[in-house]
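Reader: Before we discuss the classifications one by one, could you place the model in front of us? I would like each label to be set against its criterion.

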Amino acid sequence: MHRQALPKCILLAFAALSVAACDAEGLDPAADSDADGVPDIMDFCPESTGRVDHDGCGEGQMSDPAAAGMETFIIGAADDVPVVLRSHASTVSEAAQGFGVDGTLLMETPLGHMAISDAAVDLVGDAASGAHNQLVDMVGSANVSLPDMGVLEDIAIDDLVQAQVGFGYGRDLDHLDAPLVDERLYMYFDFDAGMSTSLGPIDFSIPQGAEATVVIDAADPSFYARGSVSGLGPLGDIPDVGFGVSATGLLPFEPAYTWGVEDEAEAFDAHIYLNGTIPLGRLPVSIDGEAVVDIDPDDDGETIIDDVDEQLRIGANADVIVNLDSGVGLTMDLKVGGATFAATLGGSESSGYFSAAAGTDELEFDLGIPLPIAPVAQVNVAGFVSEEFSDSFMRANGDFVVELPLIAGVNMHGDMSFDRDGFVMNATAGAFVNPLVELDGDAAVSIVARGTDDWMVEMVGNFDVIGMDLADDATLAFNQDGVFVNGEEVDLTPW
Ligand SMILES: [Ca+2]
Ligand SMILES: [Ca+2]
Ligand SMILES: [Ca+2]
């Protein structure tokens, strides 16, 4: 298997007047016979001219593992997505249970071969399969390596980090908080030396001392790890987060909810995966859960990697906290579980939308007025958030319980909205009985709040108020000054 390698090494050795660069099997790892920038040990087209791709092949040239002197190995041969590994024959030795590789290991991806450098691994063969190149396992060490193609073309690892390497199925790697497919094989690197990686202005770093795993999905290719992310334009610093980057930029975002934002919500494909608490910086929104970031929302090929002023688009189906401020002293803090949120960030103005079908324990909001409001069943909630509050709003529809002063909880069905003009709710209240006030049948309710000291609840219906003789359709009103029946202040204080 080493016939091709030896003459090249001797030739190079004479040319360089040195044999120091030759490895044990005789091929200089830096040799590049066709001078295309791709070393011979990684060059699938050993005789190419002109511009070459990641595998060292020119336009229209087919990569040829045999001509390149590569040995091919398959792990997970029976899987839907087997992993194909190659290594130059000069780095491969036969071992009792399979093969040993000492040098650069190449992993096939749709964008060409990814190089895993300084590999010293045992490739354990599958004796049962009868095929000499089918593997059941790989054990050993290598430098932590990342796919450097597609969006990841300019990725740089600051220091070489030696790691234990192997393969595992997604189901065995679920502690990583990465979007792995249970039945798919992933290559992993385990290490505790820390690592710092940059992609243009974006930094991905893994703290030193902690046990870390970097997972590679050859089918994209993409990588996932846990650490901190910074330099992601308007997103700023995101500590302690699961992150990943897809070289093909095909991480899918599909809005789970679109109520109220039907014209805005759209699916898109993204490059960066985040899982954790993600503050949005320029918008009063924080995401807790999984999100994906599209670094080229306008698909013009210009991204934040080259120009920090380029826009980003983020999409999440996660827990979302939104803080809306009317600008007149009224604020709304929304905590929506399982919401869809998407935003375009950067450029002249950042803005986004949210939508959810929120259960009773998934929606909390606080207006700062003495009228606690909570959903009593699943309610629809949606809104827009902008750097300019005058463009922001939220609306909701469903069944709520409103705690009225002195009367306590009244169930209502209706719509509410919050925007630069304040809070408005229009609803129908159901019959209720209270020691002081009784409602026979439904009442039409209007709640308006313009500030924490400027709010009013007005209910029109058939009321019985203790000590009063009322006709049908009386008006019961509450505001910051007291309780009023048909415009006349009444004392409903229990005695
Ligand atoms: Ca070459
Ligand atoms: Ca070539
Ligand atoms: Ca762009």
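Author: This is a predicted model, and its secondary structure consists of 1 helix and 33 strands.

Reader: What makes the radius of gyration of the protein differ from that of a compact globule?

Author: The rule of 2.2 Å times the number of residues to the power 0.38 gives a value near 23 Å for a compact globule of 495 residues, but the protein has 32 Å. Along its principal axes, the C-alpha trace spans about 110 × 50 × 40 Å. The protein is divided into domain 1, residues 11–246, and domain 2, residues 251–490, and the C-alpha centres of the two domains lie 48 Å apart.

Reader: How many residues does each domain bring to the contact between them?

Author: Domain 1 gives 22 residues and domain 2 gives 20, where a contact requires C-beta atoms within 7 Å of each other. On the side of domain 1 that touches domain 2, the elements that give two or more residues are strand E13 (222–230) and strand E14 (238–246), and the largest share, 8 residues, comes from E14. The residues on that side divide into 13 nonpolar, 6 polar and 3 charged.

Reader: Why is Asp-118 called partly exposed, rather than buried or exposed?

Author: Asp-118, which is found in strand E5 (residues 112–125), has 17 other C-beta atoms within 10 Å. A buried residue needs 20 or more such atoms and an exposed one has 12 or fewer, so Asp-118, with its 17, is partly exposed. Its phi is near 55°, a positive value in a residue other than glycine.

Reader: And what makes Asn-486 partly exposed?

Author: The count for Asn-486 is 15 other C-beta atoms within 10 Å, and therefore it falls between the two cut-offs and is partly exposed. Asn-486 lies in the loop between strand E32 (482–485) and strand E33 (488–490), and its phi, near 50°, is likewise a positive value in a residue other than glycine.

Reader: Why are such values worth pointing out?

Author: They are worth pointing out because most residues other than glycine have a negative phi, and most peptide bonds are trans.

Reader: Where does the model have a cis peptide bond?

Author: A cis peptide bond joins Asp-220 and Pro-221, with omega about -5°. Pro-221 lies in the loop between strand E12 (212–217) and E13, and E13 is one of the strands on the side of domain 1 that touches domain 2.

Conventions: Residues numbered from 1 in each chain as written. Chains lettered and ligands numbered in written order. Predicted model: local features only at pLDDT ≥ 70, side-chain atom pairs only at ≥ 80, totals over all residues. Domains from an automatic or database assignment. Contact = placed C-beta atoms within 7 Å. Helix = DSSP H or I, 4+ residues; strand = E, 2+ residues; numbered from the N terminus. Nonpolar A, V, L, I, M, F, W, Y, C, P; charged D, E, K, R; others polar.
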